[in-house]
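Here are a few notes to help you find your way around this structure. Take them one at a time, with the model open beside you.

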Amino acid sequence: MSVPGSFSVLRVLWLLSVFGTVLPLDGGMLFPQESSFREVKELNGLWDFRADGSPNRNEGFEKAWYKRRLTETGPVIEMPVPASYNDITQDPTLRDFIGWVWYEREVFVPARWISDEGTRVVLRVGSAHYYSIVWVNGEKVTEHEGGHLPFEAEISSLIRKEPTKPCRITIAVNNTLTLETLPPGTIQYMNDSSRYPDGFFVQNIDFDFFNYAGIHRSVLLYTTPKVHVDDISVETNFMDNTGLVRYKVSVQGGFNNTLNITLMDKDGHFVASSNGSSGGLKVVDVKLWWPYLMHENPGYLYSMKVHLIAVSETSTYEDEYTLPVGIRTINVTNTQFLINNKPFYFHGVNKHEDSDIRGRGFDWPLIVKDFNLMKWLGVNSFRTSHYPYAEEILQMCDRHGIVVIDECPGVGIKDIRSFRNASLSHHLVVMDELVRRDKNHPSVVMWSVANEPASEMPPAEFYFKTLIEHTKALDQTRPVTYVTIAAADMDKGGPYVDVVCANSYFAWYFDQGRLDIIPLQLSTHFENWYRKYQRPIIQSEYGADAVPGLHMDPPMMFTEEYQNALLQSYHDVFDQKRNQYFVGELIWNFADFMTSQGIYRVVGNKKGIFTRQRQPKAAAFLLRKRYWRLANETGRLLPD
């Protein structure tokens, strides 16, 4: 096997060749919604699928598979979208496949979309891992680098060329990771012909989860008027019982535009209105957005309706977009994390978008189950480890009051070559895309730009200073962090973060089995952090693997008893520090998840307090008791 050399050539040219001149993103990325002036057509379901198994993985391009039906190029199979392709078949080659795979589907576009020249038709992919190229009826419409954020292209003119024929959508996806991707990886060729066949290679990674690939989120066609609301930004504040919503609206394709902004409460009652592309809305007797378990009415959302009328000499265009708005503030002191000027304590989890069969594919039943489990546990927060999650998940967080630390895919940055300018330039673009997508979610309270990077390396200080300052410039309303695992790791970037997020695995990866040393080592760990940086601290990861049903007393590693004992030892130290500078704890992990095969992982990572099938281990009950106790210390009600 080999990887096509053209992969690096096909990278999206987001950036100018000289570092530091990052191209601005073109337009907004509002979540598609239906209204009187917009329609959405979901393209989820079964697609034709073919992996390019040629030696150089490049046959699909050499023979231009996109120019004809994929079924005419060779054998195809049915592949569900959204889903990772890895676990769908019984073929181990496909499970571990590296290189280009091809998806295709033909769809009929409603005749009214085609006949109305004043209607834009947009093709949107929620996410595809990792690098994607998209064709419509054999013509390339877009390409995108990155596996966890949406991309789209207007296809109006293409579908109007042959209005009576179905629209053939072809998407090629490559999951190869290089030193410049995010997350990074390397391709290693095995050249010993006595042990490996010619061209044999492996994908090396420095992160501990399976490199699932495919089209992971919904593929949509949606419409807007030719002149349309392209982007909306809101910032919120309040004083006493009066709220303020500052807004900015951008319009594409327009002239002589009239914008009317109306804010309504949860019951649809009028609250405030304004005109123009920017301004402020005053909210009397404001109902603030509060986290779950911090208020009797968490997750309160207003609706901001943006109505556009654009008039030209020959046409009138009308558009409407409604944005949920939660009014809240975020502030950080040297010792506290404040939401609405009240101290907030994170008692939450780290998660993965991971499940049996679907891999990282979006799945509503799983998402709703996870939210029910989190609320049962008394979870008020989670981190999107280690990549941005689906937009629909953040929308649920907004509604339920679950606080989010929004993390980009900056995990596994261990090689010094991944700190070069090309890598940093791409990292900056990813943060641009992440902030553009998630900036209006009240549940998102902090940006995380990386997880456990080798930030002690010489280039790291410039890299992370640039990255953090760039992110703060994008959004001045939220703090920025990156997650570290050792005191030395943050030497280069620590001065620039607003909150210290620290991972530690005492008595697990180090001093295995020695639960008795956790109090001393963890306490020293916290004291050293705070003495050096004078920032509030979150324990962003801690935990131990537990094989479900494995028991032993006295506790031994990998038993449920050991997992419980380790968590309790951590909790004792947390309670000592909570009234000082310690502001949160996020267990690793919410549920067991798949990893690459290796001698340290028995069918995946078993640090979940739930199994991969979402059944509780003993630790789930320990954590539930603790989290509800923490909630009740602030006067909240006991769980049902």
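**Notes on the barrel and on strand β5**

1. A good place to begin is a single pair of residues: Trp 447 has Val 480 of β29 as its bridge partner. Please keep in mind that you are looking at a predicted model.

2. Now widen the view to the two strands involved. Strand β28 covers residues 444-451 and strand β29 covers residues 480-484; they run parallel and are joined by three bridges.

3. Two helices are worth finding here. Helix α8 (residues 421-438) packs on the sheet, where it touches β27 (403-407) and β28, and its direction is at about 160 degrees to that of β28. Helix α9, made of residues 460-474, lies across β28 and β29 and also runs at about 160 degrees to β28.

4. Stepping back, you can trace a barrel closed by eight strands with parallel pairing, in the order β25-β26-β27-β28-β29-β30-β31-β32. On average, neighbouring strands of this sheet are turned by 25 degrees against each other, direction ignored.

5. Next, please turn to strand β5, residues 119-125. Is this strand mostly covered or open? Seven of its seven residues are buried, so it counts as mostly covered. Thr 119, Val 121, Leu 123 and Val 125 point one way, while Arg 120, Val 122 and Arg 124 point the other way, and all are buried.

6. Finally, look at the partners of β5. With strand β14 (residues 219-225), β5 forms seven bridges in the antiparallel sense, and Arg 120 stands opposite Thr 224 there. With strand β9 (residues 151-154), β5 pairs over four bridges, again antiparallel; here Leu 123 stands opposite Ala 153.

Definitions and conventions
Residues numbered from 1 in each chain as written. Predicted model: local features only at pLDDT ≥ 70, side-chain atom pairs only at ≥ 80, totals over all residues. Heavy atoms only, no water. Pairing = 2+ DSSP bridges. Axes fitted to C-alpha atoms, helices over the stretch in contact; angles between N-to-C directions. Contact = heavy atoms within 4.5 Å. Buried < 20%, exposed > 50% of the residue type's maximum accessible area, 1.4 Å probe, protein only.
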